[in-house]
Structure formats: structure tokens, C-alpha cells
Number of protein chains: 2
Amino acid sequence: MTATAPRTSPRKRAGNGTARRIDADEIGLDALVGHAGYAVRRFQIWIFQDFIRTLGDVDIRPTQYSVLTVIGANPGLSQMAVAKRLGIERARLVHLLDSLEQRKLVKRVKSKADRRSHALHLTIKGETALAKFKRLAAEHERHVEAKIGKENRAQLLRILAGFT
Amino acid sequence: MTATAPRTSPRKRAGNGTARRIDADEIGLDALVGHAGYAVRRFQIWIFQDFIRTLGDVDIRPTQYSVLTVIGANPGLSQMAVAKRLGIERARLVHLLDSLEQRKLVKRVKSKADRRSHALHLTIKGETALAKFKRLAAEHERHVEAKIGKENRAQLLRILAGFT
DNA sequence: GAAGATTGTTGTTGACGACAACAATTGTCG
DNA sequence: CGACAATTGTTGTCGTCAACAACAATCTTC
């Protein structure tokens, strides 16, 4: 099979002759272990799924939550400012705000200073709703602690603080 | 928590009257800081972009790399086994393999033991190509070290080891 | 041998990032 | 001042990806 081929550890050769049962957890990942990106991706999938499930009753996804949080903490921001701060494309933010505005959580106010832009604000309903979302998000965060450990979660936040 | 709007720190109310300039980096994230999911998402975006850029010349994306790596380390696996191991939907893996097979990096061999399934193998070209991909991936990993620090990267891998 | 499960495949839906084009408005600079 | 460039929100397209659902071929189980 090889032409010198620097393969590392072909552990089981169960493909052809032998019909050996292979449990998914005994398959070697080889070089994948040791790649930060892979671990981070798997973790991110887990954490998002838990977030979506925990905030399932209120039907709020992570991105929506981040938008509401930023507007709540900085009323009057333009769409451009919010998009830049969260690393979202402004085109994408349009749809997010359309949805949040339909649900009466956010309102776009025409800015008088710059008639091109909209000043974003939470509605009253949006503020009380966000308070509830924050409680649920805190619950989700406790799930993370339970999963990786309180100390490890703190470490993680410290390590990745530069990316927020 | 209360219906009396427990907003935490509406720092600047720059929306309407005042036309104050707001730099993107002085916008408060409020509750978003302290959410592991947000930090992880931003970091994952950064790390994937660097991976894609570093492996840009060979046109290999992170998911493709993970598939090649697992097949290389465990020749003869079925599509189902690979999908389960990597947390990919088997429907999605079909397209990934279509692409990799067109590029002559992977071949689907009809399994004699179970005629429903395919035994997955790297081609000769696939093996030498993967060796090159691994060198580039190692380079990418050095970028990660340069970004967050060698010690922090090791910590991160340790913390997230359970998700691989 | 019949009923049920598994494997690969095709298709659809929706969230998301990246890009391009456009009208309205603002800023700049000759 | 007035022409030209830049910005803001919007619409649209394209490609990636997760989540389902349905299906034929094949295996497993009773």
C-alpha cells in the first residue's frame, strides 16, 4: 500500500478480508490530535448546541443573543458599528435585525445626525426579554462549567480574551 | 430577574443628539465577555481562516484535512465509521468524498464483507499529498502558537482533549 | 423467509461568511 | 461651491455546513 509513505499508525486494517467490528471510539485520529483547530471546532459545536437547546424555549440563537446584548449595552449604535464589533457582515446583520424587529425586540430609529444610518435600540419588550435571555445564558454557562470544569472554563476565557 | 430592566452599563448614548465618533473597539460587550461560546466562536473563525490561508496553495479546507487524516491513519474504514468519528453527517461526507475522489486523493473500494459499504483508502497520490498537507498544517499550528502563546495552546489542547 | 436495521445516496431547509452591486447620503478636495 | 470619492443600509448570489427526510440496496434477526 505504501510508497514509503510516512503514515504514522495504521492501527487496524479492517476494511477488506476481515469483517471486524469497529467501535467509533477506537479509531485513531493520528495527526488530528494535536491540532488546536479540530479541538476548538468540536467544542464549539457542542457549546452552540447546548446554547441553542438551553435557549430553545425563547427561540434565540447565539448570534441573535450577541446582537441583543451589544445593543442593550450600547443603545443608539449604527448597524455598521454593531457589525464591526461582532465581526458580522453588515449584509448579514440586516436579516438578523429584520427578524428581531419583527419580534418587536429591537427598533431601528432614523438617525438625525447621519441620515444614512439607523440608531439601534431595544424596545421595552426587548429589554425585559433580554433579561430573561441572560438568565438562560447563565444557565448555559453553568453547563459549560459542568462539562469542562470551573477552573478550565476560567482558563479558557483568559486564553481567548484577546479574540472578544 | 426583575422586570425593571436590569441593564448593566449603557456606556455611551451616542445615537441621536450627539454625533460622537465611535471606534469599534470602544464598544462595550457587556454580558458577552464571560461567555465561553462567544470567545470560542471568534477564535474558531480566526483559526479556520488561518488554516484555509496556510493550506490555500493546495486547496484543502479543515474538514477535508480531517477526513484525509482519519482515512490515512485507518485505511479501510467505512463512510459511516469516518462520519461518526469526525462528527460529520454521513450525507455531508458523501460530497466531501466525491470531491476528494475526483482529485484522485481517495478511493472508495467496494467492501466484500459488507456489500453496502465502501472501504476508504488513500491513493498513492493521496498519501504523498497528505504528507505535504501535514507539513503545512504544522506550519499553521505554529501560527496558532505565535498568536496565543505556546503554553496557552498546550493548555487549550489539554482542556479540550475530551472533545476530540 | 419476513421484518427491521444499516449504508450510501439524493434532496431540502436554514444559519452563516464572503462578495458584489446599488441608491441615498455624507465627506473631501480642487 | 460643486464634482468626486467614501460610507451606510439594502438586496442578491454563491459556497460551506448542520439537520432532516426519504429511498434502494443490503445486512441482521427472529
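**Notebook: salt bridges and the DNA strand D surface**

I started with the charge pairs and got a count of 14 salt bridges over all chains. Note to self: this is a predicted model. The reason to look for such pairs at all is that oppositely charged side chains can pair when their charged atoms come close.

**Entry 1: chain A, Arg103**

I looked up Arg103(A) and found its side chain in a salt bridge with Asp59(A), at 4.0 Å from N to O. This one ties together distant parts of the chain, as the two residues are 44 apart. Arg103(A) sits in the loop between helix 4 (90–102) and strand 1 (106–110), while Asp59(A) is in the loop between helix 1 (36–54) and helix 2 (62–73). I also checked exposure: Arg103(A) has a relative accessible area of 26%, so I put it down as partly exposed.

**Entry 2: chain B pairs**

Next I went to chain B. Arg108(B) pairs with Glu101(B) in a salt bridge, with 3.0 Å between the closest N and O atoms. Glu101(B) is partly exposed, at 27% relative accessibility.

Then I tried Arg116(B), which makes a salt bridge to Asp114(B); here the closest N and O atoms are 2.8 Å apart. Are these two buried or exposed? Arg116(B) is exposed at 74% relative accessible area, and Asp114(B) is partly exposed at 26%.

Back in chain A, I noted a network: Asp98(A), Glu101(A) and Arg108(A) are joined by salt bridges that share partners.

**Entry 3: who surrounds DNA strand D**

I moved on to the DNA and found 22 residues around DNA strand D. The closest are Gln49(A), Met80(A), Arg108(A), Arg116(A) and Arg92(B). Which part of the strand do they see? Of the atoms of DNA strand D within 4 Å of the protein, 67% belong to sugar and phosphate.

By class, I wrote down eleven charged, six polar and five nonpolar residues for this surface. Chain A gives at least two residues from each of helix 1, helix 3 (79–86) and helix 4, and helix 4 (90–102) of chain B also gives at least two.

**Entry 4: phosphate contacts**

Last, I went through side chains that reach a phosphate oxygen of DNA strand D. Arg92(B) has a side-chain N or O atom 2.3 Å from one. For Gln49(A), the distance from a side-chain N or O atom to a phosphate oxygen is 2.4 Å. Arg108(A) places a polar side-chain atom 2.7 Å from a phosphate oxygen. I flagged Arg108(A) twice, as it also belongs to the salt-bridge network with Asp98(A) and Glu101(A).

Terms used
Residues numbered from 1 in each chain as written. Chains lettered and ligands numbered in written order. Predicted model: local features only at pLDDT ≥ 70, side-chain atom pairs only at ≥ 80, totals over all residues. Heavy atoms only, no water. Helix = DSSP H or I, 4+ residues; strand = E, 2+ residues; numbered from the N terminus. Buried < 20%, exposed > 50% of the residue type's maximum accessible area, 1.4 Å probe, protein only. Near = heavy atom within 4 Å. Polar contact = N/O pair within 3.5 Å; in protein donor to acceptor, adjacent residues only side chain to side chain. Nonpolar A, V, L, I, M, F, W, Y, C, P; charged D, E, K, R; others polar.
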